[in-house]
Every structure is written in structure tokens, then in C-alpha cells.
Amino acid sequence: MENKCWYAARVNHGQEVGIKSRLSEMGVEHFIPTEKRRNYRGKMVDHPLINCMVFIYATKADACSLRTDWRLPVNYLFDYVKHTMLSVPDKQMDDFRRVLEASIQEGGLVDRPLSLGEMVRITRGPLKGVEGHVLELQGKLYVVVGLMDVVYARAKV
């Protein structure tokens, strides 16, 4: 039996929320980080924090089926070293989600690590068990967790 893992996929700009709805309707576990923002009409709507990116938790066969059989408009990222679809380890995805959800206002996404320090594991509080790098910014300490060296989340500790 094939194990499930997190697959990173690209989607067309502006399709993130629609794909999130389709995946939810299909019962497929996924992660598309969003935040509530007001649209041009003043209505609160989900807005993606990572443009054109979705993460899907599935077996490789099921992930491929979403694209071929269900015609979901996703393009999986490819790992050219392993010659397979790029997957994100469960621990790395869990740490990233927890840091991102802990405090979008205080930390949220950053486009690059500003100054990486020692690798740490948080031992207390809501981020207990998260592993990341220490970052000091304007006198405050943050933990920074990255995904695929492309996108990073930070939370104040």
C-alpha cells in the first residue's frame, strides 16, 4: 500500500480558492494558506498567502488521478534529483503550518530568511516541537521555518 505524503503543486493565478473548494468537496486533504481580507466591495473573502501554490496530501497515484481523471488544473513540482514529483516531509509541513497559523499578524510569510541563526526546537507553548532557525529582527526573536527553500514563515517566540 502506497503511503500518503504532501505534494506541492502550481495553479494558475487566482484559482487557489476555487481549487480549495473543489478539493474540500472531493474530501482531499490539502493546505492552501489564506487570510481574510476585504475585496473591492468591502466583503471579507479568503485571500491566498502563497500565490499559485497548493499542497495536496495524497498517495502518488491519487495525486496523479486528481490531474488526469478529475481534470484538476494543477501542475506538480518535480524533484529532478530523485526524478519524481516533489514531496514535502510531514514534519516540515506540520512545522510550517503551525508557525504560519500561530501568528500571521506577528510573523506570517517572509520571502527570504533575513538572517539565519542556530537551528532550534521549541520546547514549550503552542509551537512546542517546531524546529526552525532563530531570527532576531528589531529586537524581537522569531522562529523561521522554510518549505523547499522557497517560502518561509516566522512567528514571534
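In the predicted model, the lining of the largest pocket comprises 13 residues, and those nearest the pocket centre are Gln92, Met119, Glu131, Val145 and Gly146. The volume of this pocket is about 200 Å³. Three secondary-structure elements, namely helix H3 (90-102), strand E12 (131-137) and strand E13 (140-147), each contribute at least two residues to the lining of the largest pocket. Classified by side-chain type, the lining consists of five nonpolar, four polar and four charged residues.

Strand E13, one of the elements that line the largest pocket, is also paired with strand E14. The two strands run antiparallel and are joined by six bridges. Within this pairing, leucine 147 has valine 151 of E14 as its bridge partner. E13 and E14 together form a hairpin in which three residues separate the strands, and methionine 148, located in the turn, adopts a positive phi of about 55 degrees. Strand E14 spans residues 151-156, and five of its six residues are buried; the strand is therefore largely enclosed by the rest of the structure.

A contrasting environment is found in helix H1. This helix covers residues 16-26 and includes glutamate 25. The relative accessibility of glutamate 25 is 69%, and the residue is therefore classed as exposed, the cut-off for this class being over 50%. Between glutamate 25 and valine 81, the C-alpha to C-alpha distance is 34 Å, with a separation of 56 residues in sequence.

Notes. Residues numbered from 1 in each chain as written. Predicted model: local features only at pLDDT ≥ 70, side-chain atom pairs only at ≥ 80, totals over all residues. Heavy atoms only, no water. 1 Å grid on protein atoms, 1.4 Å probe; cavity = no way out; pocket = protein on both sides within 12 Å on 5 of 7 lines; lining within 4 Å. Points joined across faces, edges and corners; volume = space filled by probe spheres on them. Helix = DSSP H or I, 4+ residues; strand = E, 2+ residues; numbered from the N terminus. Nonpolar A, V, L, I, M, F, W, Y, C, P; charged D, E, K, R; others polar. Buried < 20%, exposed > 50% of the residue type's maximum accessible area, 1.4 Å probe, protein only. Pairing = 2+ DSSP bridges.
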